[in-house]
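Student: I have a model open and want to read it piece by piece. Shall we start?

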Amino acid sequence: MCGIVGYIGHDNATPILLNGLKRLEYRGYDSAGLAIRQKDGSIKATRRVGKVANLAAALTTEPEDSGLGISHTRWATHGGVTEPNTHPHASWNKKIFLVHNGVIENYQQLKTSLLAKGVTFENETDSEVLSNLIAYNLEQQSEEISVKSVNKAIRTSLASVEGTYGLAILCSDLPDSLFGARKGSPLILGVGKNEMMLASDASAIRARTREVVYLDDNQIVTLNHDNFNITTFEETEVVPEISTISWKDEDANLGDFEHYMLKEIHDQPSALENAFRGRLDMEEGISKFGGLNLSRQAIRHIDRITIVACGTAWHAGLVGEYLIEKYARIPVEVEYASEFRYRNAPMDKNTLVIVISQSGETIDTLEAQREAQRKGYHVIGIINNVGSTIARENDGGIYQHSGPEIGVASTKAFTSQLLILSMLSIYFGRTRDLSYADGCKMVDAIKELPNLIKQTLELSDSIKAIAKKFAHYHDFLFLGRLEMFPIALEGALKLKEISYIHAEGYPSAEMKHGPIALISEDCPSIVIVPDDETLKKNLSSVQEVKARKGKVIIITDSHDIPSSLADELIIVPKAHNCVRPILMTIPLQLISYYIAVELGKDVDKPRNLAKSVTVE
Ligand code: AGP
């Protein structure tokens, strides 16, 4: 986690860095800091606990800014949330200032060795080891300080470091140079007109330039205001590939919405349309994807699919399991990425691995992908963030095209993952044994989806009123069967994440095997009741809750459920089963959102969380 931004150019660095940090706050908001080269040649660091706004407030006077600086927004790993632990970290001799995203696993050993050499430390972070190590190695060189000698000191230092890092580094003796290095944590170079930037992701750069270079692992970059040079750790020159960022600025703007989460919930009709645009063949009743790199023959030979993801994306994978097994008749396993990497699960020779990640930077998912590729499996990704590490390293994939998702709680990225998994089940199904007629029905249902989502969003006011009534409860159960079970899990996660209310998701019928003990008038249940063959059984679960004085909110697409059965009834439009989980998700997103707002929580930046989890 953590976000880093560096700038070198002719404008004041401070406002550019602050703007970049605000864009990266989704990566962490425990504390923030920057180090700016002043016109008198000194480097001034300012650090504050809390959000970027606190840092901005501390920078009220016009800075003596010379157009060179680095900055950081922190999600604490090593060391508490304190000002000394806030980046940038300066070396003991104030020669090297750096910001770091990642974890240095052998920092204790490096620290002990530097302490023995007389180097002093000021804080508890693993990152301070890096500034001191680079400064120490620089001091050991007998040559005068130059771009070359700093480069060498960085290289020598990183050779002894175990762990992950995206780094932006300044040397106090070099007024026109900025350095970056990457291993395991993302780092992007922005190439502007007479200015260059470094950042953890493109959103921090977009306001200045759309031309970017995605650095790869084990690369070091040296920048001045009009040039840059990339080499590998082994000093091989890298020929850079410059890409253009395609997101529109308005995609990342709040508009008239109070929170990004609400905006992103309302983005869903267009986000999902973007996910299926150009990917449906109405004539053939099939979906199509450009970048899977899988022939039809290869698809026919798939024996099993393993889906790997974390958090909300893992919930999407669970829905994918139901859809792919049902429509493509391929057995599917869904694994937490963090477990998959270490448990060495036996897999069939013809297993296809699918990784799902909104950010494309989640380290657990990235490492799981690398592990699967190491073992020779074909890995495809369902990824939102274009150019992200997972997207660049996999063997093929599908971009979600949801646009930037800034609210920490995932909403539109989740429903777009569900849609892509549904389209994948059609594609694989039609390549194997899904009939033309069934394929056509599913493709039609997908085309109708944006309208149905709009109709569902029209329920917002009534859902807000329900949320107000239920905001004071401390425990919730979310219940659903089959593909609605992962939707129940996702509903519970959303509520936990942004309102800090305890919530658990269960398969409806499992409730009576244990969780029923929780039910009382103080623990309401939110039950998803699709109008299908499970309806009667689901209503039995509702009765069991009611018999124990539990309050019930039913989310359904049936018009035949007596309103007396539920304390609240939310009726969404009817849709084909392949898209129904999407429509059932939307009321759950709105309930969580309005409960959190009612409780006065910081919806877009919930406590302890970060949008992109880039530490294991
Ligand atoms: C979503 O609301 C969560 N904040 C979180 O579970 C997230 O889905 C998870 O960390 C995976 O992120 P990714 O999709 O970017 O890989």
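Tutor: First, a definition: buried means under 20% relative accessible area, exposed over 50%, and partly exposed in between (1.4 Å probe, protein chains only). This is a predicted model, where local features need pLDDT of at least 70 and side-chain atom pairs count only at pLDDT 80 or more, while totals for chains, interfaces and linings use all residues. Residues are numbered from 1 along each chain as its sequence is written, and side-chain values use heavy atoms, with hydrogens and water left out.

Student: Is Arg370 buried or exposed?

Tutor: Its relative accessibility is 15%. Buried means under 20%. Therefore Arg370 counts as buried.

Student: Which side chain does Arg370 meet in a salt bridge?

Tutor: A salt bridge is a side-chain nitrogen of Lys or Arg within 4 Å of a carboxyl oxygen of Asp or Glu. Here the N to O distance is 2.8 Å. Arg370 lies in helix H11 (residues 363–374) and its partner in helix H12 (residues 389–393), so the pair ties together parts 23 residues apart in sequence. Helices (H or I, at least four residues) and strands (E, at least two) are DSSP runs, numbered from the N terminus. The partner is Glu393.

Student: Which residues are linked with Arg370 in a network of salt bridges?

Tutor: Glu393, at 29% relative accessibility, counts as partly exposed. It belongs to the network along with Arg370. The other members are Arg182, Asp217, Arg341 and Glu367.

Student: What is the strand order of the open sheet with parallel pairing?

Tutor: Two strands pair if DSSP finds at least two bridges between them. The sheet has 5 strands. Strand S23 (502–507) and strand S26 (568–571) each have a single partner strand, so they stand at the edges. The order is S23-S22-S24-S25-S26.

Student: Which strands does helix H17 touch as it packs on that sheet?

Tutor: Contact means heavy atoms within 4.5 Å. H17 covers residues 535–547. What covers its buried residues includes the strands in question. They are S22, S24 (525–529) and S25 (552–556).

Student: Why do the buried residues of H17 lie on the same side?

Tutor: The buried residues are Leu535, Asn538, Leu539, Ser541, Val542 and Val545. The arc is that of the directions from the helix axis to the C-beta atoms. On the other side, Lys536, Lys537 and Ala547 are exposed. The buried residues share one side of H17 because they cover an arc of only 150°.

Student: Which residue forms a salt bridge with Asp532?

Tutor: Asp532 lies in the loop between S24 and H17, and its partner in helix H18, so the pair ties together parts 48 residues apart in sequence. The closest N and O atoms are 3.7 Å apart. Asp532 counts as buried at 18% relative accessibility. The partner is Arg580.

Student: Which residues does Glu483 touch, not counting residues up to four places away in sequence?

Tutor: Glu483 is found in the loop between S22 and helix H16 (484–499). It is buried, with a relative accessible area of 4%. Its contacts are Val319, Tyr322, Asn577 and Pro581.

Student: Which residue meets Lys95 in a salt bridge?

Tutor: Lys95 is partly exposed, with a relative accessible area of 27%. Its partner counts as partly exposed too, at 35%. The N to O distance is 3.2 Å. The partner is Asp173.

How values were computed. Axes are lines fitted to C-alpha atoms, for helices over the stretch in contact, and angles run from 0 to 180 degrees between N-to-C directions.
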